[in-house]
Amino acid sequence: MADRLTRSISSRKQPKQARSNDLVAAILDAAVQVLIKEGAPRFTTARVAEKAGVSIGSLYQYFPNKAAILFRLQSDEWRQTSAMLAEILDDRSDPPLVRLRRLVHAFIKSECDEAAVRGALDDAAPLYRDAPEARTARAEADRSIDAFMREALPDAPESSRALASELITTTLSAVGKEFSATPRNSEAIAAYADALADMLCAYLQNLARRG
């Protein structure tokens, strides 16, 4: 079962030439437009190929089905989020709580900027969320959070650090999804992120005192 699922969401081949890269980029750009306009239920490879201006055969050279396209979009988003998270949390020029505040602001803004695509990808998640690739992609972000917690809470028990990691990542994901469902201006985003950062920083400070 897992092998079949892995094959079904993996790209058929990786582009090696500039022309191939351009073709894949056009397909993915078209996929985003179709996903936003049509939603996950009406998302099809035929619509994506038509929007990209390529033949369905050309699309199938790189993506065997719509699940593969959606997973590529989602995995690209996961990688971007993981890179953003690592860049902020690994920057030891700032104290941990300053970095956490920066992360909250960056994450909430990112959620709002890409709300339409992320909402549609959430609807399509059943097509790929249990695949091995999906678990691997999510694990990358977990590693950065865990390393940050060891630095921020050096004297806390491992169980407390694990709980803090889970609580912060779950809170950011759930709150970001809920908040970004409604269009917001930059002032509202900044104010909300400030309040959320205050709450999470106070939580870590309390854990540090206990530790």
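**Pocket lining, nonpolar cores and helix H3 in an all-helical model**

In this predicted model, the lining of the second largest pocket is formed by Val32, Leu73, Asp76, Glu77, Gln80, Glu114, Val117 and Leu121. Two elements, helix H5 (66–89) and helix H7 (115–124), each supply two or more of these lining residues, and the greatest contribution comes from H5, which provides 4 residues. By residue class, the lining of this pocket comprises 4 nonpolar, 1 polar and 3 charged residues, and the space within the second largest pocket amounts to about 150 Å³.

The protein chain as a whole contains 10 helices and 0 strands, and its order along the sequence is accordingly written as α-α-α-α-α-α-α-α-α-α. Of the 211 residues in the protein chain, 40% are buried. When contacts between residues at least 6 apart in sequence are considered, 71% of them join residues that are at least 24 apart.

The largest nonpolar core consists of 29 residues, and within it the residues with the most contacts are Leu100, Val104, Ile108, Met149, Leu153, Leu172 and Leu204. Two or more residues of this core are given by each of H5, helix H6 (96–113), helix H8 (132–152), helix H9 (158–180) and helix H10 (186–210), with H10 giving the most, namely 8 residues. Helix H5 is thus named both among the elements that contribute to this core and among those that line the second largest pocket. For Met149, one of the core residues with the most contacts, the partners that remain once neighbours within four places in sequence are set aside are Arg161, Ala164, Ser165, Ile168 and Leu204. Leu204, listed here as a partner of Met149, is itself among the residues with the most contacts inside the largest core. Apart from the largest core lies another core, which has 24 residues and includes Ile27, Val34, Leu35 and Ala120.

Helix H3, which spans residues 45–52, has as its buried residues Thr45, Val48, Ala49 and Ala52. Viewed down the axis of H3, these buried residues fall within an arc of 100 degrees, and they therefore line one face of the helix. Just after H3, the backbone at Gly53 adopts a positive phi of about 75 degrees.

Methods: Residues numbered from 1 in each chain as written. Predicted model: local features only at pLDDT ≥ 70, side-chain atom pairs only at ≥ 80, totals over all residues. Heavy atoms only, no water. Buried < 20%, exposed > 50% of the residue type's maximum accessible area, 1.4 Å probe, protein only. Arc of directions from axis to C-beta. 1 Å grid on protein atoms, 1.4 Å probe; cavity = no way out; pocket = protein on both sides within 12 Å on 5 of 7 lines; lining within 4 Å. Points joined across faces, edges and corners; volume = space filled by probe spheres on them. Nonpolar A, V, L, I, M, F, W, Y, C, P; charged D, E, K, R; others polar. Core = buried A, V, L, I, M, F, W, Y, C linked by side-chain atoms within 4.5 Å. Contact = heavy atoms within 4.5 Å.
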